[in-house]
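Colleague: I am new to this structure, and I would like to understand the reasons behind the words used to describe it. Could you show it to me and take my questions one at a time?

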Amino acid sequence: MEVEKDKVNSRLEISDEVIMTITRLATLEVRGVVSLGGEENLFSKIKNNPPIKIIRNDESVTIEVKIKIVGNGKSRRIAGKVQKSVTEKIRKITGLTVERVNVIISGAVFG
């Protein structure tokens, strides 16, 4: 006797807020990053200057993240580490393909 399995049409969707949270945590753990740039608050989306932007394409994402770095930090090295950290964490946690991570250094903190 054969048992027919029910075909279930299901879909998993990961919200932009989850991707933003992962991006924020992955960015802030990089040595040399002081904080996110832009305006980080509940109204960031309204003001069009959020620290993190997500662009979706089916099963992949492009991420833009604004950061502030330590004043004596090597900006290219820090940006590269942010790109690597964000890409690895997004892939590992969500399974999404990261097309690219654009890092914008919006400030440097001295002192």
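Colleague: Which residues form the positive surface patch?

Modeller: In this predicted model, the positive surface patch is formed by Arg-31, Lys-74, Arg-77 and Lys-81. Each of these residues is a Lys or an Arg, and the patch is called positive because Lys and Arg count as positive.

Colleague: What makes Lys-74 count as exposed, and where is Lys-74 placed?

Modeller: Lys-74 has a relative accessibility of 55%, and exposed means over 50%, so Lys-74 counts as exposed. Its place is in the loop between β3, residues 60-70, and α3, residues 75-94.

Colleague: How many helices and strands does the protein have, and in what order do the elements run?

Modeller: The secondary structure comes to three helices and four strands, and from the N terminus on the elements run α-β-α-β-β-α-β.

Colleague: Why is Thr-23 called buried, and what lies 2.8 Å from a polar atom of its side chain?

Modeller: Thr-23 has a relative accessible area of 0%, and buried means under 20%, so Thr-23 is buried. Thr-23 is placed in helix α1, residues 16-28, and the backbone oxygen of Ile-19 lies 2.8 Å from a polar atom of the Thr-23 side chain. Of the 111 residues of the protein, 32% count as buried.

Colleague: Which salt bridge involves Arg-56, and how do you know that the pair deserves that name?

Modeller: The side chains of Arg-56 and Asp-16 meet in a salt bridge, with 2.7 Å from N to O. A salt bridge asks for a side-chain nitrogen of Lys or Arg within 4 Å of a carboxyl oxygen of Asp or Glu, and 2.7 Å is within that limit, so the name applies to Arg-56 and Asp-16. This pair links distant parts of the chain, with Arg-56 in strand β2 and Asp-16 in helix α1, 40 residues apart.

Colleague: What makes Arg-56 and Asp-16 count as partly exposed?

Modeller: Arg-56 has a relative accessibility of 33% and Asp-16 has 26%. Partly exposed lies in between under 20% and over 50%, so Arg-56 and Asp-16 both receive that label.

Colleague: How many salt bridges does a search of the whole structure find, and which one involves Lys-89?

Modeller: The search finds two salt bridges, and one of them is where the side chains of Lys-89 and Glu-29 meet, at 2.7 Å from N to O. This pair links distant parts of the chain, with Lys-89 in helix α3 and Glu-29 in the loop between α1 and β1 (33-36), 60 residues apart. Lys-89 is partly exposed, with a relative accessible area of 29%, and Glu-29 counts as partly exposed at 49%, a value that is not over 50%, so Glu-29 does not count as exposed.

Colleague: What is notable about the phi of Asp-58, and is Asp-58 buried or exposed?

Modeller: Phi of Asp-58 is near 50 degrees, a positive value in a residue other than glycine. Most residues other than glycine have a negative phi. Asp-58 is placed in the loop between β2, residues 52-57, and β3, and its relative accessibility of 76% is over 50%, so Asp-58 counts as exposed.

Colleague: How far apart in space are Ser-106 and Lys-66, and why is Ser-106 called partly exposed?

Modeller: Ser-106 and Lys-66 are 6.0 Å apart in space, C-alpha to C-alpha, and 40 residues apart in sequence. Ser-106 is placed in strand β4, residues 97-109, and its relative accessible area of 39% is neither under 20% nor over 50%, so Ser-106 is partly exposed.

Colleague: Why is Asn-72 called exposed, and how far is Asn-72 from Ala-108 in space?

Modeller: Asn-72, found in the loop between β3 and α3, has a relative accessible area of 71%, which is over 50%, so Asn-72 is exposed. The C-alpha atoms of Asn-72 and Ala-108 are 8.3 Å apart in space, while the two residues are 36 residues apart in sequence.

Definitions and conventions: Residues numbered from 1 in each chain as written. Predicted model: local features only at pLDDT ≥ 70, side-chain atom pairs only at ≥ 80, totals over all residues. Heavy atoms only, no water. Patch = residues over 30% accessible without salt bridge, like charges linked within 9 Å, V, L, I, M, F, W, Y side chains within 5 Å. Areas by Shrake-Rupley, 256 points an atom, 1.4 Å probe, with all protein chains shown as cover. Charge placed at Lys NZ, Arg CZ, Asp CG, Glu CD. Helix = DSSP H or I, 4+ residues; strand = E, 2+ residues; numbered from the N terminus. Buried < 20%, exposed > 50% of the residue type's maximum accessible area, 1.4 Å probe, protein only. Polar contact = N/O pair within 3.5 Å; in protein donor to acceptor, adjacent residues only side chain to side chain.
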